[in-house]
Amino acid sequence: MKSVIVALSVLFFASQSLALDLLQNAPGRQQTSLNGQWNAIVDPFDVGDKRKFQNFDGTPPADKLQEFNFDSAMKLSVPGDWNTQDDKLFWYEGSVWYEKSFEHQAKPGKEYMLYFDAVNYLASVYLNGTLLGKHEGGFTPFQFKATDALKNGKNVLVVKVNNRREPDFIPTMSTDWWNYGGITRPVRLIELSPTYIQDYSFTYKKGGTIAVSVTVTGESPAKQKVDIALPQLGISKHLTTDASGKASLTFKAKPELWTPESPTLYSASLTLGDQTLTDKIGFRTIEVDGDKMLLNGKPVFLRGIAIHEEKPFSDGRAWSEEEARVLLGWAKELGSNYVRFAHYPHNENMLRVADELGLMVWAEIPVYWDIQFYNPEVLAKAKQQFGEMLFRDKNRAAVILWSIANETPNTEVRTSFLTELANTVRTTDPTRLVTAAINTQTTTDSGRIIDEAFAGVVDVIGINSYCGWYYDKPETCAQYKWQSAYNKPIIISEFGAGALQGWEGDENTFFSEAYQLRVFKQNLIMLDNMPHLAGVSPWLLKDFRAARRPLAGVQDYWNRKGLLSDQGIKKQVWYLMQDWYAKKEREHQR
Ligand code: GCU
């Protein structure tokens, strides 16, 4: 049994090793939303960098032509990708300058933080002409202190966004998803007291122990009294911070444990002076025992579905709670108790709704296909992206698996890159499992062997298998003999086939629903006979935009492997998968 139950405060302080200047639970903070219509100037040649236009403080630019003028510029909604807001921007990759002016009256003694839930990919943030900072990475939050740059009255916020692809970026030049650009998630102006609760974590230990850790930051972090309450458990505790503003406590408790069948969340509050932060926290343990995954000490089978973060009834980046409820509601309807958020950190609503609905989560950073594994700066970026994802989601009981890669080449330089990353993840968060989606197996006459080195590094092996679609006849899949060099749980993190919804076709015609059904039927037989199988997540919930999928009249730049169409319409394969999960659920209840 892999002991994932080390000193729990390790989770908290180790996460400090990826020290991040972020705020825990940004949605739960006192704030002003800066969402809405922003002025936008598309700047493919990055002219804006060279020539000051409209000065970033809102005063008109010196140049008489005023070619770069925000007031008369197009409008873009924030949050939102630009690609689906204007047909001219559908394919656009490059720079867009966003501008928003807003009124503000500073309250005496208050601190102000500009918090971005996510911007794809590069962001430069200017407030009233002052560059507050830059961020790289399209799917994780970042923030900048705004107090000094803010003015009473009218303020002008300018964000330069660039979503171009580069070899040393994560992800890099090629992905099988749409490179949506823009300020894709909410923008918040968060109000803080001079000394405030910056971070906290709740973790649970088998046998009934809860550990709480808190970081207080600001003017005087030391010797601060923080009150913790879990009223439904009748728990109220008091912590006092040390010189660096940190405090932690472990205490006995008997919470009802979080499970997909009963996703119990407890109200938690943290009070420092007149500031109270509240959150919803679930308590559970996750571990491996040989080839079994144990949730709260009991074997669990992951009935899942892979999901891209796209709107439920169209294309475009999803970001809202409402959209998360539709997407995850479908996963529940399918009979899922687990979801794979592919291939990047999804928005916080997805994580909080998964917590609430009872869906275990595979969360992933976009180390996808062939990034620069030899480049130490790229390793640092991967650690940063993981650190930002962990910081935001560490209090979500739903998150059980941290995935650090998808379909990466089986080379030594890659394996050492990922091994180091896996170690960072483990030391930073020893309470969860490390995984990755691997597509390299040894082919035998009768099937496949999982024996590549990196599979030996992860706690749970994710396998992407496209038997019956990219290789082999569907009927071969049912005969497949899988072997593994490792006594570890295996999740088939992807399998599937494309189909245009409504095109019945016949069993021999690619992209017909009949062929998709045929592939699934044979793969489900394969899965029923697969050793070490601890879970499945077919590829995937819904057709999604992909620039690598041009087939006219069939794909039209949609990857058609969804169980649902691009408009959320169920394909026949949906019902086959639903029945198989009902059967699996019955099997595991016995
Ligand atoms: C890969 C990959 C996915 C991709 C899928 C497909 O396995 O991980 O991102 O979309 O296969 O080919 O449809």
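The exercises below, each with a worked solution, deal with the ligand site and the aromatic rings of a predicted model.

Residues are numbered from 1 along each chain as its sequence is written, and side-chain values use heavy atoms, with hydrogens and water left out. Because the model is predicted, local features need pLDDT of at least 70 and side-chain atom pairs count only at pLDDT 80 or more, whereas totals for chains, interfaces and linings use all residues.

**Exercise 1. The ligand site**

Describe which residues come nearest to the ligand and which side chains make polar contacts with the ligand.

Solution. Begin with the shell, where a residue is near the ligand if one of its heavy atoms lies within 4 Å of it. There are 14 residues around the ligand, and Asp176, Tyr368, Glu407, Tyr470 and Glu494 come nearest. By class, the shell consists of five nonpolar, four polar and five charged residues, where Ala, Val, Leu, Ile, Met, Phe, Trp, Tyr, Cys and Pro count as nonpolar, Asp, Glu, Lys and Arg as charged, and the others, Gly among them, as polar.

Next, look for polar contacts (a pair of N or O atoms within 3.5 Å). A side-chain N or O atom of Asp176 is 2.5 Å from a ligand oxygen atom, a side-chain N or O atom of Lys561 is 2.7 Å from a ligand oxygen atom, and for a polar side-chain atom of Asn406 the distance to a ligand oxygen atom is 2.9 Å. The protein buries 97% of the 320 Å² that the ligand exposes when taken alone, with areas from the Shrake-Rupley method and a 1.4 Å probe.

**Exercise 2. An aromatic pair**

Characterise the pair formed by Trp38 and Tyr98, and state where its two members lie.

Solution. Rings of Phe, Tyr and Trp (its six-membered ring) pair if their centres lie within 6.5 Å, and planes under 30 degrees apart count as stacked, over 60 as edge-to-face and the rest as tilted. The structure holds 30 such pairs. For Trp38 and Tyr98 the centres are 6.2 Å apart with 80 degrees between the planes, which is edge-to-face. Trp38 belongs to strand 2 (residues 36-42) and Tyr98 to strand 4 (residues 95-104), so the pair links parts of the chain 60 residues apart, strands being DSSP runs (E, at least two residues) numbered from the N terminus. Finally, Trp38 is buried at 0% relative accessibility, buried meaning under 20% relative accessible area, and Tyr98 is likewise buried at 0%.

Notes:
A polar contact is a pair of N or O atoms within 3.5 Å; within protein, one must be able to donate a hydrogen and the other to accept it, and residues adjacent in sequence count only if both atoms are side-chain atoms. Helices (H or I, at least four residues) and strands (E, at least two) are DSSP runs, numbered from the N terminus. Buried means under 20% relative accessible area, exposed over 50%, partly exposed in between (1.4 Å probe, protein chains only).
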